[in-house]
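Please study the sequence and the 3D structure shown below before attempting the exercises. Each task is followed by a worked solution.

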Amino acid sequence: MLSAKKTKTIYLVLSGLYVFFTIWWIGMSISHSFRDSSYVLLSEVYGVIALIGGINGIFIARGLGFFKSYFGKAILLLSIGLLFQEFGQLAYSYLNSIKHVELPYPAVPDIGYFGSIPLYIAGAYYLMTGLGVKAIIKKAPLKLALSVLISVAIVGVSYWLFLKGYDTSGKTKAAIFFDFAYPLGQSIYVSMAITILLSVTGLLGGLMKKPIMLLLGAFLLQYAADWNFLYQTIHGTWGPAGYGDFIYMSAYFLMGLSIILIASPIRKLREGNLAPTPVDQVDGEES
């Protein structure tokens, strides 16, 4: 696992890049002349946040034993999911800006965008397992019911806003599949993150609460970003470096930070600097 010093450095790098790109984005929103010369460039480079966050996460997962522990699996899969998002960004930029190809839907970038969904679901599952969430919700099933209810409400509102009166005419079977599979798959990992958040308040002295809140925020922003992309694409308003790209960038930033912060209390526990509480099952080792 990366040392605490190196981890802090990555944390500062991600934060610095996010602030830099945010100022850049705001500058384009204020100055049209500045926007004309750099909006495409910004849409192509902000994905470096996902790249750094994903690579850093892989190094963290290595320190946790990769597939030898639940937390190693969780961090690794979340990190690869982040890298899949960057693959989608790069593929889209290459085909759109360099090859000047009018992309069909779905297309090569969707390999990355949609591919991150099962990776995030699997990562959330192993995180739940490592934290002993299953045992916790058995004692308090209302937490699971509440998380499912919230997730159903999110899907219901999204359906009402974007898929109500959905017209399949002129759409391929693949496009119809992805239109419904994106929100369904994302609602699963959002539900899992909510369940974890409702269950981890007392774990590791409460140190897991902030990382899981960031993870939930990343999942919700990813969900919102993809829904917005669908909405703007349908209405012909999507463009590079618009507010949609800012939502994606924010999702990548929060995911990168959550990966770092999830690993921090685990590191402290393994180094003997943190005593587990009776309900903690954070050893994460598989028999």
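The exercises that follow treat the overall fold, one helix, two residues, and the internal spaces.

This is a predicted model, in which local features need pLDDT of at least 70, side-chain atom pairs count only at pLDDT 80 or more, and totals for chains, interfaces and linings use all residues. Residues are numbered from 1 along each chain as its sequence is written, and side-chain values use heavy atoms, with hydrogens and water left out.

**Exercise 1. The overall fold**

Determine how many helices and strands the protein has, and describe its burial and surface.

Solution. Step one is to list the elements: helices (H or I, at least four residues) and strands (E, at least two) are DSSP runs, numbered from the N terminus. The protein contains ten helices and zero strands, and the order from the N terminus is α-α-α-α-α-α-α-α-α-α.

Step two concerns burial, where buried means under 20% relative accessible area, exposed over 50%, and partly exposed in between (1.4 Å probe, protein chains only). Of the 287 residues, 48% are buried.

Step three concerns the surface, computed by the Shrake-Rupley method with a 1.4 Å probe, where for residues only the protein chains shown count as cover. About 13700 Å² is exposed, and carbon and sulfur atoms supply 70% of it.

Step four concerns contacts (heavy atoms within 4.5 Å). Among contacts with a separation of 6 or more, 77% are between residues 24 or more positions apart.

**Exercise 2. The span of a helix**

Compare the expected span of helix α9 with the distance between its end C-alpha atoms.

Solution. The expected span of a helix is 1.5 Å times one less than its number of residues. Helix α9 covers residues 209–235, which is 27 residues, so its span should be 39 Å. Its end C-alpha atoms are 39 Å apart, which agrees. Just after α9, G236 takes a positive phi of about 70°.

**Exercise 3. Two residues in helices**

Decide whether T195 and S258 are buried or exposed, and name residues that they touch, not counting residues up to four places away in sequence.

Solution. T195 belongs to helix α8 (residues 173–199). Its relative accessibility is 2%, so T195 counts as buried. T195 touches M128, V133, I137, L144 and S147.

S258 lies in helix α10. Its relative accessibility is 0%, so S258 also counts as buried. S258 touches P211, L214 and L215. The C-alpha atoms of S258 and L216 are separated by 8.9 Å, although these residues are 42 residues apart along the chain.

**Exercise 4. The largest pocket and the largest cavity**

Give the volume of each space and describe its lining.

Solution. On a 1 Å grid over the protein atoms alone, a cavity is a set of points where a 1.4 Å probe fits but cannot get out, and a pocket is an open set with protein on both sides within 12 Å along at least five of seven lines; lining residues have an atom within 4 Å of a point.

The largest pocket holds about 760 Å³ of space. Its lining has 36 residues, of which P104, Y105, D110, F229 and T233 are the closest to its centre. Helix α9 gives the largest share of this lining, seven residues.

The largest cavity holds about 30 Å³ of space. W25, L42, Y46, A241, D245, F246 and M249 line the largest cavity. Helix α10 (residues 243–270) gives the most to this lining, with three residues.

The last step sorts the linings: Ala, Val, Leu, Ile, Met, Phe, Trp, Tyr, Cys and Pro count as nonpolar, Asp, Glu, Lys and Arg as charged, and the others, Gly among them, as polar. The pocket lining has 19 nonpolar, eleven polar and six charged residues. The cavity lining has six nonpolar, no polar and one charged.

Definitions and conventions. Points joined across faces, edges and corners; volume = space filled by probe spheres on them.
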